Amino acid sequence: MKLSLGPLLYYWPREAVLDFYRQAASWPVDTVYLGETVCSRRRELKLSDWIAIGEALAGAGKEVVLSTYELIESDADLRTMHAVAANAAFRVEANDMAAVRALSGNAPFVAGPFLNVYNAATLSLLAELGAVRWVAPVELSREGIAAVVAEGPAGIETEVFAYGRLPLAVSARCFTARYNNLTKDHCEFRCIEHPDGLALDTQDGQHFLVLNGVQTQSAAVQSLASEIGPARAAGVGMLRLSPQSTGMGEVVAVFREAADGALAPHDAARRLAPLMPAAACDGYWHGKPGIVSEWGRAHERAPHAESHA
Amino acid sequence: MNAAVLPQPAARPMKLVCPAGTPPALKAAVDNGADDVYLGFKDETNARNFAGLNFDDRSLREGIDYAHRKGAQVLVALNTYPQPGSWRKWQAAVNRAASLGVDAIIVADAGLLAYAAKAHPQLRLHLSVQGSATSHEAINFYHERFGIKRAVLPRVLSVEQAEKVIARTPVEIEVFGFGSLSIMVEGRCALSSYATGESPNTHGGCSPAKSIRWQQRPDALESRLGGVLIDRFGAEDHPGYPTLCRGRFVVNGDTYYPFEEPTSLNTLELLPRLQAMGVAAIKIEGRQRSPVYVETVTRVWREALDACFRDRERFRVKPAWQDALAGISEGHQCTLGAYHRPWK
Amino acid sequence: MNAAASAPRKLPGPVRAVGRRLPRLPASIAFATALNLTLRRKFPADVLDRLEGHTFAIVVEDAGVELLFRVRARRFVPVAQAAEPVLRFRAVAWDYATLAAREADPDTLFFNRRLVVEGDTEIALLVKNTLDTIDIPRTRGILRRVLRAAAPGGS
């Protein structure tokens, strides 16, 4: 089972980003996805910076992939997407159909999690256009992924979102700016104050979501560390671990050991718990509401009862 | 609006595309001047899959007859994503729509578009808003691959951005004119399934009714979705349908609407601009709403579109139109949404 | 819009007084009978099956009346007492009439708290959508004329 480091979804200061990837060079991940995917206003790093980071990681033996925007609105967004798609150094993850169009016929690509691949027909189409790997939408269950893999084209690699706060929605509106009574065009880049997102609770105190600029994420952290066997059986070849601001190296190590069979599922879950910024969830994987923690229900005496009445 | 900056009058009026969840709504739309009526089958192949709503083969056949007799067209929304293991259901829905003689199908999934284009080359294809195509390049992808004739723009672009899209695609562009306002990019929102297990993409509905609980507490009426508290309404508050993006939540101790207040989209005042820039069709949201809603919205928008086409420069929004629309809107405010850039 | 968009009109005091003194069962019998006559055959069988065994309450607030009925063997039958109906609707007579005449939009009345719905939301939507599906133009025409006549300044 291969491991990947997903694209950084938050807005961190330039030095923090450079430092993060300097460390990542020594982590046991096979693939690293780079680039800004959430908001085109985030410019601590330019494309050339990302490519420089990629070269360092490639030198450390990693497969490097550059990811495109999840949402394209303006001409400037399109230009950035084309610059990423046309880069000569690295493979590209396409996150919308404009990127697929730019890549098809030119280079093999990764079909990103925002392309809405819910069935084998769509996966076959993308494979014909040059996709060599696909990342399942977060909503798709283990059973659903297994069905798509079974009916889908041969030879395409399957990746799932295995660790991190789930990217659930994207908007034209910036909710971090809105929280600060600012508009997106004058947002003062306040995302940079929230390295793991801005917490949003219900009125009765349940930790529910986090705001990440135009993106909305789950507050709970999806973890499939205890599901690596079933993932392999479903045809998954790569687990995506989504960067968080602290303890990421440890998270990677736990997944590596668990994937290699050196760590029992229960021990993997136990070691991850203190590393997470919030409670764990795995509902989508089990065909349930995403917020649910089936692992917690089955294995802990006090599951996160506040998460689902 | 300054007449001097407007380009030449459009040669064709914009089409009015109205919703129908039931046969009486279809009649109301047709009778009040809809050019196109869009509707869905009674299952998860469409994004308004609610109990008691939508059309079976018989009511669709009658609806098509009725619309065609009065010169209107019928579009069938097959705008959810075929789920693993049930591809045949969506495939069959395409075949049914084609054999019943609908005027177009509205599709989101690329695989399903590929199937429809191959199996029914004569069937007119529209790209659903759920397809999340936000640029001319994404729209042109669907045009080149599947020959789509029309695309519905997600409600994320400003007027300026929409204008640029229209100028650079051969595909007719349909925009939302009125109705419930989507805060998230359509086709890219899993908030509902995070709380309930069902979302528009997977089950054809946001905030499924079976996951909703209303509870009257001594001090407030509470709405919950999948157990998650969405909002509490005091005696003076107006309750809305508990979708997550209209909920009131707490961020750093502030209780407010972090995503959006309960408002409706209303772009009447933009009509001259939309017509000048070449918008092909205006869509009214609301297949889950009553025939009264459809009747009222269709009547007002027909009048407004005709007035705008007759004389774009002298077009003024009539207060009577706004009053009628306010009477059937969710929430008590209207907004231009993303069309107006500061909304973002 | 029309008669419905304006403020609700309350029943005159004497009617209310009579309503409060009416025993509940006869009113429910009359209502269930009316439902069977006008709506039953228009309700799809699968919807009636889905409602089978459930009790519904319709509270006419200004008349002081609560109508109770249950769906049994695809018919509406009156009920004297119900522990907890699956749905309880509350509104004034005027708003019920404008809804039945298709002069008012149920969602609008709900958003404005003029129509209060308590209970199972899925069944509420099923009932609302099914009622929206049913065409009874003659009954509606009569109701609309009555409402117009009753509305102050109405034609």
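This text leads through a predicted model, beginning with one strand of chain A, passing to the contacts between chains, and ending with chain C and two loop residues of chain A.

A convenient point of entry is strand β7 of chain A, which spans residues 157-171. Of its 15 residues, 15 are buried, so each has a relative accessible area under 20%. Several partners line up along this strand. Strand β6 of chain A, residues 131-135, runs parallel to β7(A) and is joined to it by three bridges. One pairing that places the two strands relative to each other is that of A:Trp134 with its bridge partner A:Thr158 in β7(A). Strand β11 of chain A, residues 238-241, is also parallel to β7(A), here through four bridges. In that case A:Val160 has A:Leu239 of β11(A) as its bridge partner.

The antiparallel pairings of β7(A) come next. With strand β10 of chain A, residues 215-223, β7(A) pairs in the antiparallel sense over six bridges. A:Pro167 finds its bridge partner in A:Gln217 of β10(A). A further pairing crosses to another chain: β7(A) and strand β8 of chain B, residues 184-189, are antiparallel and share two bridges. The bridge partner of A:Ala169 in β8(B) is B:Cys189, and that of A:Ser171 is B:Met184. As a general matter, the side chains of a regular strand alternate between the two faces of the sheet.

The strand pairing just described belongs to a wider contact between chains A and B. There, 66 residues of chain A are in contact with 69 residues of chain B. The two chains bury about 5,500 Å² between them, and 56% of this area lies on carbon and sulfur atoms. On the side of chain A, the residues that lose the most area to chain B are A:Arg101, A:Arg173 and A:Gln203, which together account for 13% of what that side buries.

The polar part of this interface can be described by counts and by one example. Between chains A and B there are six salt bridges. One of the salt bridges links A:Asp75 to B:Lys164, with the closest N and O atoms 3.7 Å apart. The count of residue pairs in polar contact between these chains, both at pLDDT 80 or more, is 37. Strand β7(A) returns at this point, as it supplies five residues, the largest share of the side of chain A that touches chain B. By class, that side of chain A holds 36 nonpolar, 16 polar and 14 charged residues.

Chain B also meets chain C. This contact takes 34 residues from chain B and 24 residues from chain C. About 2,500 Å² is buried between the two chains, with carbon and sulfur atoms giving 56% of the area. Three salt bridges are counted between chain C and chain B. In the salt bridge of B:Arg289 and C:Asp107, the distance from N to O is 2.7 Å. Nine residue pairs, both at pLDDT 80 or more, are in polar contact across this interface. Helices α5 (106-111) and α6 (121-133) of chain C each supply at least two residues of the side that touches chain B. The largest share of that side, nine residues, comes from α6(C). The side of chain C that touches chain B divides into eight nonpolar, six polar and ten charged residues.

Chain C as a whole contains seven helices and five strands. From the N terminus on, its elements follow the order α-α-α-β-β-β-β-α-α-β-α-α. Of the 155 residues in chain C, 46% are buried. Among contacts in chain C between residues at least 6 apart in sequence, 71% join residues at least 24 apart.

Two backbone details in chain A complete the account. Most residues other than glycine have a negative phi. A:Asn181, however, has a positive phi, near 60 degrees. A:Asn181 lies in the loop between α7 (175-179) and β8 (198-201) of chain A and is exposed, with a relative accessible area of 74%. A:Phe189 likewise is not a glycine and has a positive phi, of about 55 degrees. A:Phe189 lies in the loop between α7 and β8 of chain A, where it is partly exposed, with a relative accessible area of 35%.

Conventions. Residues numbered from 1 in each chain as written. Chains lettered and ligands numbered in written order. Predicted model: local features only at pLDDT ≥ 70, side-chain atom pairs only at ≥ 80, totals over all residues. Heavy atoms only, no water. Buried < 20%, exposed > 50% of the residue type's maximum accessible area, 1.4 Å probe, protein only. Pairing = 2+ DSSP bridges. Contact = heavy atoms within 4.5 Å. Buried area = accessible area lost by both parts, 1.4 Å probe. Salt bridge = Lys/Arg side-chain N within 4 Å of Asp/Glu carboxyl O. Polar contact = N/O pair within 3.5 Å; in protein donor to acceptor, adjacent residues only side chain to side chain. Nonpolar A, V, L, I, M, F, W, Y, C, P; charged D, E, K, R; others polar.
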